[in-house]
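Here is a set of short exercises to work through with the structure open in your viewer. Try each task before reading the solution below it.

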Amino acid sequence: MSEVIDEAVRQLNDKTGGSYDGSAKFVITGEGTIMLDEAGARAADEPADVTLTADTETFKSILDGETNPTTAFMTGKLKVDGDMGQAMKLASVL
């Protein structure tokens, strides 16, 4: 597993308190996939309510609070497939 995925899993668990009401998949281009659900964040690739795809730089910037997820989506840096309600809920957590 890559260091980027390891760090992202840690940050997501910190931000969500180790659980999330729903399911989301984060695809970090060139690095791997993270699942977030009631069990917390972990490196995995499973079906989810919403899938968010971004490059490493964009994803790190969102997790660090430097980039607003909605802005990243509107500028094409973050792709969202699936339940937009879940995506909006995630935006408030991130």
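**Exercise 1. The cover over a helix**

Which elements cover the buried residues of α2?

Solution. A word on the source before the steps: this is a predicted model.

Step 1. Find the buried residues of the helix. In α2, these are Thr56, Thr58, Phe59, Ser61, Ile62 and Leu63.

Step 2. Put that in proportion. Because six of the eight residues of α2 are buried, the helix is largely enclosed by the rest of the structure.

Step 3. Look at what lies over those residues. The cover includes α1, β1, β2, β4, α3 and β5.

Step 4. Step past the end of the helix. Gly65 follows α2, and its phi is positive, near 80°.

**Exercise 2. The nonpolar core**

Identify the residues with the most contacts inside the largest nonpolar core, and the elements that contribute to this core.

Solution. A general idea helps to start: in soluble globular proteins, nonpolar side chains tend to be buried together.

Step 1. Take the core itself. The largest nonpolar core has 24 residues, and those with the most contacts inside it are Leu12, Phe26, Ile34, Phe59 and Leu90.

Step 2. Assign the contributions. Two or more residues come from each of α1, β1, β2 (32–37), β4, α2 (56–63), β5 (78–82) and α4. Of these, α1 gives the most, with five residues.

Step 3. Zoom in on one hub. Leaving out residues up to four places away in sequence, Leu90 touches Tyr20, Ala24, Phe26, Leu36, Val50 and Leu52.

**Exercise 3. Two threonines**

Decide whether Thr16 and Thr51 are buried or exposed, and list what each one touches.

Solution. Step 1. Place Thr16, which is found in helix α1. Its relative accessibility is 15%, so Thr16 counts as buried, the cut-off being under 20%.

Step 2. List the contacts of Thr16. Not counting residues up to four places away in sequence, Thr16 touches Leu36 and Val93.

Step 3. Turn to Thr51, found in strand β4 (residues 50–54). With a relative accessible area of 18%, Thr51 is buried as well.

Step 4. List the contacts of Thr51. Neighbours within four places in sequence aside, Thr51 is in contact with Lys25, Val27, Lys79, Val80 and Asp81.

**Exercise 4. Salt bridges**

How many salt bridges does the structure hold? Work through three of them, saying where the partners lie or how accessible they are.

Solution. Step 1. The count is six salt bridges. The background is simple: side chains of opposite charge can pair when their charged atoms come close.

Step 2. Begin inside a helix. Arg10 forms a salt bridge with Glu7, with the closest N and O atoms 2.4 Å apart. Both residues lie in helix α1 (residues 3–16), three residues apart, about one turn of the helix. An α-helix has 3.6 residues a turn, so residues three or four places apart point the same way. Arg10 is partly exposed at 40% relative accessible area, and Glu7 is partly exposed at 34%. The pair also belongs to a network of salt bridges that links Glu7, Arg10 and Asp14.

Step 3. Now take a bridge across the sequence. Lys25 and Asp45 meet through their side chains at 2.9 Å, N to O. This pair links distant parts of the chain, 20 residues apart: Lys25 is in strand β1 (residues 24–28), and Asp45 is in the loop between β3 (40–43) and β4. Lys25 counts as buried at 15% relative accessibility, whereas Asp45 is exposed at 56%.

Step 4. Finish with Arg42 and Glu46, whose side chains meet in a salt bridge of 2.9 Å, N to O. Arg42 is partly exposed at 25% relative accessibility, and Glu46 is partly exposed at 31%.

**Exercise 5. A surface patch**

Which residues form a nonpolar patch on the surface?

Solution. Step 1. The patch is formed by Phe73, Met74 and Met84, with about 310 Å² of accessible area together.

Step 2. Check one member. Met74 is found in helix α3 (residues 69–74), and its relative accessible area of 65% makes it exposed.

**Exercise 6. Confidence**

Where in the chain is confidence lowest, and where is it highest?

Solution. Step 1. Start with the overall figures. The chain averages a pLDDT of 94, and 99% of the residues score at least 70.

Step 2. Compare the elements. Confidence is lowest in helix α4 (residues 84–93), at a mean of 89, and highest in β4, at 98.

Methods:
Residues numbered from 1 in each chain as written. Heavy atoms only, no water. Helix = DSSP H or I, 4+ residues; strand = E, 2+ residues; numbered from the N terminus. Buried < 20%, exposed > 50% of the residue type's maximum accessible area, 1.4 Å probe, protein only. Contact = heavy atoms within 4.5 Å. Patch = residues over 30% accessible without salt bridge, like charges linked within 9 Å, V, L, I, M, F, W, Y side chains within 5 Å. Areas by Shrake-Rupley, 256 points an atom, 1.4 Å probe, with all protein chains shown as cover. Salt bridge = Lys/Arg side-chain N within 4 Å of Asp/Glu carboxyl O. pLDDT = per-residue confidence, 0-100. Core = buried A, V, L, I, M, F, W, Y, C linked by side-chain atoms within 4.5 Å.
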